[in-house]
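Welcome! Let us take a friendly walk through a structure, stopping at a few places where the backbone deserves a second look.

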Amino acid sequence: MTTIRIDGRDCPTRSDINLLQACLEAGANLPYFCWHPELGSVGACRQCAIKQFSGPDDRKGRIVMACMTPVSENTIISIDDPEARDFRASVIEWMMVNHPHDCPVCEEGGECHLQDMTVMTGHNTRRYRFTKRTHRNQDLGPFVKHEMNRCIACYRCVRFYRDYAGGDDLAAFASHDNVYFGRAEDGTLQNAFSGNLVEICPTGVFTDKPFSTVYTRKWDMRGTPSVCVHCAVGCNTIVNAREETLRRVLNRYNTDINRYVLCDRGRFGHGFVNAPTRIRTPLNTIDGQQVSVPMADALTAFARMAAKGRIVGIASPRAALETCFSLHTLVGPQHFATGQTRHEQECTELAHALLTRHPGALPTLHEMESADAVLVLGEDVCATAPRLGLSLRQSVRQASFHTADNAKVPRWMDAAVRTLGSECPSALHVMTPAPTDLDSVAAETFRAAPDDIARLGFAIAHEIDPSATPVTDLAPDDAVRATRIAHALMAARKPLIVSGMQYGSLALMQAASSIAAALARATPAAGLSLVLPECNSMGLAMIGGLPLETVMEQARAGEISTLIIVENDLTRDLSPADVAELVAAVPDIVVIDHTVTPLCHHASLILPVAAFSECSGTLVSQEGRAQRFFQVVFPPAPIQAGWRWIQALARSLDPPPRPITGLLGWRDLNEVLAALAMAFPNLAQAAMAAPGADYRINGEKLRSQTYRASGRTVIRSFISVRDQPPPASPDTPFSSSMEGAYGPEMPGALVPTYQAPAWNSVQALNRFQFEIGGPMRGGPSGIRLLSHAEHHDTEPHPYAYATDIPAPYAPQADAVLVLPDTRLFGSEELSMFSPPIIARSTAPMLGLPASVTTSDRMVLHLEDGPHILPVEPVPGLPAGIALCPAHMVARAFRFPRMARLETVPGEGERS
Amino acid sequence: MWTAEYPLPAPMRAEILALAAQELHPRGASVAALRLVQARFGWVSTVHLREVADLLGISADDLDGVATYFNLLFRRPVGRHVIMLCDSVSCWIMGREPLCAHLCGKLDIRPGETTADNAITLLPTVCIGHCDHAPAMLIDDTLHGDVTTASLDQLIDTLRNTP
Amino acid sequence: MTPASERPLTAMIDPAAGPPDCAAYGRAGGWQATRLALGSLAPAEIIDMVTRSKLRGRGGAGFGTGQKWSFVPKEPASERRKYLIANADEMEPGTFKDRWLLEGNPLQLVEGMILAAYGVQAGHGIVFLRGEYQEACARLHRAIGEARQQGWLGENILGSGFSFDIHIHSSAGRYICGEETALLTALEGRRATPRSKPPFPQTGGLWGAPSVVNNVETLCNLPHIIANGPEWFTGLGLGDDGGTKIYGVSGRVTKPGAWELPIGTPLRQIIEDHAGGMRPGYQLRALLPGGASTAFIDATALDVAMDYGSVEKAGSRLGTGMAIILDDRTCPIGMIRNLEHFFAQESCGWCTPCRDGLPWVERLLDAIEDGTGRDEDMDQLDRHARMLGAPGRTFCAHAPGAMAPLASGLKLFAADFAAHIQQGRCPHQAGAGAGAGP
Ligand SMILES: Cc1cc2nc3c(=O)[nH]c(=O)nc-3n(C[C@H](O)[C@H](O)[C@H](O)COP(=O)(O)O)c2cc1C
Ligand code: SF4
Ligand code: FES
């Protein structure tokens, strides 16, 4: 800690930051553009100019850029200094020389950093009297709109896209006042994080294209905090709605997880909520036709079904904890299935067990960024957990930070650190069957079959801790590799092992865990991270239940009369034959979902459930963090939360089959969570993921609209001018209007939007943190259930290393090992109902080792029959392995299997 | 005529790879490689840009950001000959404006344009370090100083007749 | 004419004979310094000699060369990748001194680079040559090839254990590439925008490695300093600075050209004795003493000694030492407009004031020169001169350089500006630069 003097006021501050940050943290309004908390300083825009004085006697001072000047002891500065103000006013005026003044039609309007800074600087008269230069805009694909004339050339976009996110198809072109930011030619931005340009750009050059078609001003939308449902990482989001439609998803800062950045799947995957595939009324199958029926009829129909025999419930790793738990309560533990195959369930349960047992650290995404040696073992994290992949990409910079430290260059001096680090070695090792997006920054990549990667992993663990199981018959090359990587990991202060269940390999996760545990003996900071497939995979693993195979057996035995399947498309897990068998063996299938999935065609009764934006609930991320999402949209009845549907079903039963009185009486989310805590002590803390619905600030609910919300009374004015009472949710502490409490000190889990006096853009976030880039003032969002503290008190006893080392993979003559080629766009279920994501997904291909791609197309025989697929050579793919996109070719294909591969009959070899 | 050959001739590809190999990182050869292509084809077409980017292992967007940055790299076709008339201060003092007007009239083009017969492109250039012989210009890499309307006319006539 | 011994840089240059080859260069005294240095001097002694010689950078900023080198980490070249870069970008309007040295005696530069590289223990040499200098490029290629062949470059030079080689980077035209950090970015095959300091190039330069960037003329002095000793060198200067300087004059003088003279030679002597004074019918009105980015001084200051300190006292900068003369029949506003057009166009586009401020200045000057200027335009010009002129406000020295002629011109030619605006036209008959040739 140190103190600096800002305009005569002594302000305590930190010594490792720059003066811009220090001024902002001290609450001062100092305008800036090119600086960004996650991107650091480069001194391009010159907007943050202040006066610095060399001592108390210095009256003259000199202009410096606050963002480029480190805090030092006895710093004396002035923001108010006339010369500095003058210069800042000039900078804004220069920026506005070519800016089109099109605020009325600009989608950034009202939440534009440039607008804020212009007002803050006091520029309001146009003195430039010559013509403006104009640019041509580009079509950048389905996510991002481009309006180059609004550009103020802060260079943030390319710095984020290229330097931070590793993209290479966005660049700066030309020079002087003609600089242009875009692509060499029109075309879709390829980077997985392109959508962040919308928030990174301080003006309206890059805007949200899907939002544009349903555009409305920031102050006309409600916002609530939410959690992304498109993978298990659990990125925090803000969801915006108006007129009962979800309009967009924005990043919500969580210092431990996503911080300032969301992946494109998360940002643009929400389209399923408003898609034509949405289920909006109950559908009852009458004479083979699914017809829309009123809620009461649907419940009567269900009561009739339930009276016939046993009810079995199938939950889902994409359904909220409350939904799964209520189903569990309704059907009882003996009849509750997780909705996963045995294999998937084993994997998630193993992941949970390994993380719980891990003697080292369970790093957050943010902590992963500072890992100084990373081993990715058999998981294409860029596809399965995109935001985690981005964190690993940042970890590669650790060596350059140390070089910078030695050169006494502050770490936030971004360009300087990158210059110094240009030859710093990477400490990232990627071992995967196929190429990944991280390869380009890896020190070393290694391509092998999952079993062989696991073997190498075990060998590394043994190298680190001789008491770990050795791998006896390792090839000499691999032994050398194992030794080398082991030493690299042992030399690190904060090593990290990442694996996951993309390839359904227990051995891979065991191997990863063994390495991490071996490292943790000497290095307690040794981290382990395991990637799970769905937003609530971990929560469901902590509840437990029957695998689908058991349900199949019970069905075959005629033991199931009614199946209630909640938010789960079983056709993604079971082969068509299994699905057909299940449907034939169970008289009534009740599907509760928000979207028409292929499974719905087999349902006797379909009940429309609320999507994540229409209800509140809790998800547990892969790192065991319980997080709450809150209702922002109030859909017309009977769309309601999953647990409310289950409750309605229970209430329709007369008499109830089991003592489920608790379930019958739940009034709101708080009560569901209280019951959950009783039933599942390991999930008890989930109730604390966020303050409950009864939370108040000064007796007030929290507002979900901005203070200047307009037009509430005019939304329906073409029907009636009468003001409608704003809708209310018993499950959230939010009022759905502009009335209520709001402020930078509100709990981090409840921040519905970022706004502060003079700051209307997302950059108002700075006001919600004590330290920029640090925790939220109002406390963290979510709570970790797998806290490392759990095993601190127990005696450290030797780690039980896995002992069953797989045999080396031996390519077979008549079959290939087909591995799921998980895709950023295409493999994840819900996002594939979202039009912009559909537009970004590409046709399925069969990936084969480059050496064996002799035909353009081949036939792959999977369980559900032959598939003719175009062939794509995959560099480095080991022999005897084929890649097939998960869920795209055969719907249920998602874990490796052996399959026959043939040439297309009648098609010769490629000449 | 300067039609873009695609792919680049094999020897040129080899030469670009050799340039890249000399650098600590291949991208260090960006400007040299683009100049090589331009020396052969007169300009850098998009297909060639893509090919060079491939050879250097960087994206075309990245390389085009470099190509469009530099004054002497042409991303549009030029005529058989390029006249670069200095427009910097010493030449301006010494009368490059009337000279330029004369040239435009004679060629029937404006600065930045190419004559209808594709023979000559006229470009302004910054100081070419021949200020003691201002006004000065470059015709296809050859320096000419103390240029007058008369000497200019003569030069143009010769140019028109050279392929 | 000054005796050859007092014109070390150019004594060997004979346009008629072409540049000397290795042997001729040796016969005329070349390679002596290299033999001495590699044979019997430690790298630290080289740096010490250069420091004592008071050699200051001839690229425009005038930083002490020995001092600059002293920041380079001291590991031997064999242990650490380091670069020695000759800045031969020479794009400052009105400047043509480096071309003379490059075309006239490329081996002198090669030897200068060997000595500098040995001093800072750099194994890699690069000549950053502006793209238009094709003849210089060819001659330099020949010189480097021959030097390599004769063992002056390459592995283990003269059996000293020191290895060093040079390659040429032919640029593609951008004034900012001459700025040393932008030059490094350009060498990395990127858009040549300047970099922030720290890290200084000496510690984190090309590809993050320690790098020294020196002007061609600076480097060409080294063989003479090492061969003849620092005291001899300081003795050549007339004032506080050491050595000779290449001075030049362009504009309407009788004999425009460049001459090597003792540093500190009075401006009047350069213009009158060497450039032959003004052409008949023309009066000297004002001049830029050291290239386009230096401030105007008027005819009353002609007795200034052309060394770093004296020119600064006269309100300008020595810069490149290449003077551009404004005569009484050329419109000063036209001249400034021409200069600002150059600077606006050559802005790299990185920082706001320069990128968007300079085009505004250019348009204001266009308007004034074209007769559509307004009184308030003068306030705008003045504001820009203040806002862009002070160092530290823009990212690099390009914009302050651009403001030097404007700020000084606003004072010196206030009456001309007023006349343009009042009369709604340029009072200089047919506008500036109207004459066609001599
Ligand atoms: C805009 C700008 C352009 C420059 N152009 C050149 C140039 O063309 N040649 C040169 O030697 N130095 C140029 N410099 C100066 C260099 O940055 C650097 O100071 C010089 O190369 C160092 O060499 P010296 O110490 O030998 O003078 C320029 C500086 C600026 C700010
Ligand atoms: S560069 Fe600029 S804005 Fe950007 S923040 Fe600084 S100086 Fe400040
Ligand atoms: S000003 Fe034209 S050659 Fe120098």
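P198(C) sits in the loop that runs between helix 8 (180–187) and strand 4 (211–215) of chain C. The peptide bond leading from K197(C) into P198(C) is cis, with omega near 0°. Keep in mind that this is a predicted model. Chain A offers another cis peptide bond, joining A637(A) and P638(A), with omega about 5°. P638(A) belongs to the loop between strand 26 (625–629) and helix 22 (642–652) of chain A.

Why stop at such places? Most peptide bonds are trans, and most residues other than glycine have a negative phi. With that in mind, look at the positive phi angles gathered here.

| Residue | Phi | Place |
|---|---|---|
| A174(A) | near 55° | loop between strand 7 (171–173) and strand 8 (180–182) of chain A |
| R259(A) | near 50° | loop between strand 12 (245–251) and helix 7 (264–268) of chain A |
| G424(C) | near 65° | follows helix 18 of chain C |

Is A174(A) buried or exposed? Its relative accessible area is 14%, so A174(A) counts as buried, the cut-off being under 20%. R259(A) is buried as well, at 4% relative accessibility.

Now go back from G424(C) to the helix that it follows, helix 18 of chain C. This helix covers residues 414–423, and its buried residues are D416(C), F417(C), A419(C), H420(C) and I421(C). A little helix geometry is useful here: an α-helix has 3.6 residues a turn, so residues three or four places apart point the same way. What do the buried residues of helix 18 pack against? Their partners in chain C are strand 7 (284–288), helix 14 (332–346), helix 15 (352–370), helix 16 (375–389) and helix 17 (398–412).

Chain B can be viewed as a whole. It holds seven helices and four strands, arranged along the sequence as α-α-α-α-β-α-α-β-β-β-α. The C-alpha trace of chain B spans about 50 × 30 × 25 Å along its principal axes. Of the 163 residues in this chain, 57% are buried. Its accessible surface is about 6500 Å², and carbon and sulfur atoms account for 54% of that. Chain B also carries 12 positive and 19 negative side chains, with the centres of the two sets 5 Å apart.

Finally, visit ligand 2. Which of the 13 residues around it come nearest? They are C34(A), C45(A), R46(A), C48(A) and C67(A). The shell around ligand 2 is made up of ten nonpolar residues, two polar and one charged.

Key:
Residues are numbered from 1 along each chain as its sequence is written. Chains are lettered from A and ligands numbered from 1 in the order in which they are written. This is a predicted model: local features need pLDDT of at least 70, side-chain atom pairs count only at pLDDT 80 or more; totals for chains, interfaces and linings use all residues. Side-chain values use heavy atoms; hydrogens and water are left out. A residue is near a molecule or strand if one of its heavy atoms lies within 4 Å of it. Ala, Val, Leu, Ile, Met, Phe, Trp, Tyr, Cys and Pro count as nonpolar, Asp, Glu, Lys and Arg as charged, and the others, Gly among them, as polar. Helices (H or I, at least four residues) and strands (E, at least two) are DSSP runs, numbered from the N terminus. Buried means under 20% relative accessible area, exposed over 50%, partly exposed in between (1.4 Å probe, protein chains only). Accessible areas come from the Shrake-Rupley method with a 1.4 Å probe; for residues, only the protein chains shown count as cover. Lys and Arg count as positive and Asp and Glu as negative; His and the chain ends are not counted. The place of a charge is taken as NZ of Lys, CZ of Arg, CG of Asp or CD of Glu. Contact means heavy atoms within 4.5 Å.
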